[in-house]
Amino acid sequence: MAWFKRTKKGIQTATQDKKDVPKGLWYKSPTGKIVDSEELEKNFYVSPEDGYHVRIGSKEYFEILFDDNKFKELDKDLIAKDPLKFEDKKKYPQRIKDAQEATGLKDAIRTAVGKSKGKDIVIACMDFNFVGGSMGSVVGEKIARAIDYAIKKKLPVLIISKSGGARMQEAVLSLMQLAKTSVKIAQLGEAKLPYISLCTDPTTGGTTASYAMLGDINIAEPGALIGFAGPRVVKDTTGKDLPEGFQTSEFLLEHGFLDFITPRKELKDKVNLYIDLIQNQPVRA
């Protein structure tokens, strides 16, 4: 009766072939609303029933933000090394290799330049599927190089954060990226070029403690979890019940940590509006 037995152990589907919203099926949001997956894709992966923003990656954000999805990727072959010879359940190089094969990505961020509403912009976008969007040396280096490119070409910068925090396999080298990226953002400011920071779900740890909160304008998607440590850790540490909606983008907006909450379908228009206002130039239609 071997015909019904699994011939290979484990799940064989690659991560890039797995989708939260498979084509032709239905998607159920956390609030219980049901929506057709194709309708969800047409609506920028936002549930039309309740406005829930499904997690997406750099591929989808680039499609939304760049005109006709045309862009030039920067430093796309940059990959992580293993100077600390770190090993937990597996060696760090093997973990990186597995993540690359599963996601089709080289690391947890992609950077690119292209036109958005007719004008060039540099966009750096994190991918949570790659080791939880953890911030390692490659993430910091690609952001630094993207900002250097923007300064050279006199272009605005948008960074889209989606991260579980610093990458533990790189230890202090990962933490050094907080200072490195912060210095580069300061240099961008000295060059009088706009920097917009978009926090998406989740934006936590060292990402929040550095570039995610250093924008000329800090924006977020509705309902995004944003904070340094997660709510469970904060509650366990303080021993107190947390306010309702603690660390959501709405909570942070109310308490002055964000400038605006921008729904995904308005993202392209709003980002370019903020850039036009900062640069005191005519607002694009």
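This is a dialogue about reading some features of a predicted model.

Colleague: Let us start with helix H4; how many residues does it have, and how far does it reach from its first C-alpha to its last?

Modeller: Helix H4 covers residues 137-153, which is 17 residues, and it reaches 24 Å from its first C-alpha to its last, close to the 24 Å expected at 1.5 Å a residue. Just after H4 comes Lys154, whose phi is positive, near 60°.

Colleague: Which residues of H4 are buried, and what covers them?

Modeller: A residue is called buried here when its relative accessible area is under 20%. In H4 the buried residues are Val138, Val139, Gly140, Lys142, Ile143, Ala144, Ala146, Ile147 and Ala150. The cover over these buried residues includes four strands, E3 (72-74), E4 (109-116), E5 (119-126) and E6 (157-163), together with helix H5 (171-190).

Colleague: Since H5 is part of that cover, what should I expect of its span at 1.5 Å a residue?

Modeller: The 20 residues of H5 should span 28 Å at that rise, and the end C-alpha atoms are 30 Å apart, which agrees. The buried residues of H5 are Ser174, Gln177, Leu178, Thr181, Lys184, Ile185 and Leu188, and they pack against H4, E6 and E7.

Colleague: How do I describe the way in which two helices pack?

Modeller: Two packed helices are described by the angle between their axes and by the distance between the axes. For H4 and H5 the angle is about 10° and the axes are 8 Å apart. An angle under 35 degrees counts as roughly parallel, and therefore H4 is roughly parallel to H5.

Colleague: Which residues meet in that contact, and how do they divide into nonpolar, polar and charged?

Modeller: From H4 come Ser137, Gly140, Glu141, Ile143, Ala144, Ile147, Asp148, Ala150 and Ile151, and they meet Leu173, Gln177, Lys180, Thr181, Lys184, Ile185, Gln187 and Leu188 of H5. The residues of this contact of H4 with H5 divide into eight nonpolar, five polar and four charged.

Colleague: Where is Ala171, and how far apart are Ala171 and Gly136 in sequence and in space?

Modeller: Ala171 is in helix H5, and with a relative accessible area of 36% it is partly exposed. Ala171 and Gly136 are 35 residues apart in sequence, whereas in space they are 8.7 Å apart, C-alpha to C-alpha.

Colleague: Next, what is a disulfide, and how many does a search of the whole structure find?

Modeller: A disulfide is a covalent bond between the sulfur atoms of two cysteines. The search of the whole structure finds zero disulfides. Cys125 is in no disulfide, and the nearest cysteine sulfur, that of Cys199, is 12 Å away. For Cys199, the closest cysteine sulfur is that of Cys125, and the 12 Å between them is too far for a bond. Cys125 counts as buried because its relative accessibility is 0%, and Cys199 likewise counts as buried at 0% relative accessibility.

Colleague: What do most residues and most peptide bonds look like, in phi and in being cis or trans?

Modeller: Most residues other than glycine have a negative phi, and most peptide bonds are trans. Phe44 is not a glycine, yet its phi is positive, about 60°; it is found in the loop between helix H1 (37-42) and helix H2 (58-65), and at 30% relative accessibility it counts as partly exposed. Lys192, also a residue other than glycine, has a positive phi near 60°; Lys192 lies in the loop between H5 and E7, and it counts as exposed because its relative accessibility is 73%. As for peptide bonds, the one from Asp201 to Pro202 is cis, with omega near -10°, and Pro202 has its place in strand E7 (residues 195-203).

Colleague: To finish with two serines, is Ser29 buried or exposed, and which residues does Ser161 touch?

Modeller: Ser29 lies in the loop between strand E1 (26-28) and strand E2 (34-36), and at 3% relative accessibility it counts as buried. Leaving aside residues up to four places away in sequence, Ser29 touches Asp50 and Tyr52. Ser161 is in strand E6, and its relative accessible area of 0% makes it buried. With residues up to four places away again left out, Ser161 touches Met126, Leu198, Cys199, Thr200, Thr203, Thr207, Tyr211 and Ala212.

How values were computed: Residues are numbered from 1 along each chain as its sequence is written. This is a predicted model: local features need pLDDT of at least 70, side-chain atom pairs count only at pLDDT 80 or more; totals for chains, interfaces and linings use all residues. Side-chain values use heavy atoms; hydrogens and water are left out. Helices (H or I, at least four residues) and strands (E, at least two) are DSSP runs, numbered from the N terminus. The expected span of a helix is 1.5 Å times one less than its number of residues. Buried means under 20% relative accessible area, exposed over 50%, partly exposed in between (1.4 Å probe, protein chains only). Contact means heavy atoms within 4.5 Å. Axes are lines fitted to C-alpha atoms, for helices over the stretch in contact, and angles run from 0 to 180 degrees between N-to-C directions. Angles under 35 degrees count as roughly parallel, over 145 as roughly antiparallel, 65 to 115 as roughly perpendicular and the rest as oblique. Ala, Val, Leu, Ile, Met, Phe, Trp, Tyr, Cys and Pro count as nonpolar, Asp, Glu, Lys and Arg as charged, and the others, Gly among them, as polar. A disulfide is a pair of cysteine sulfur atoms within 2.5 Å.
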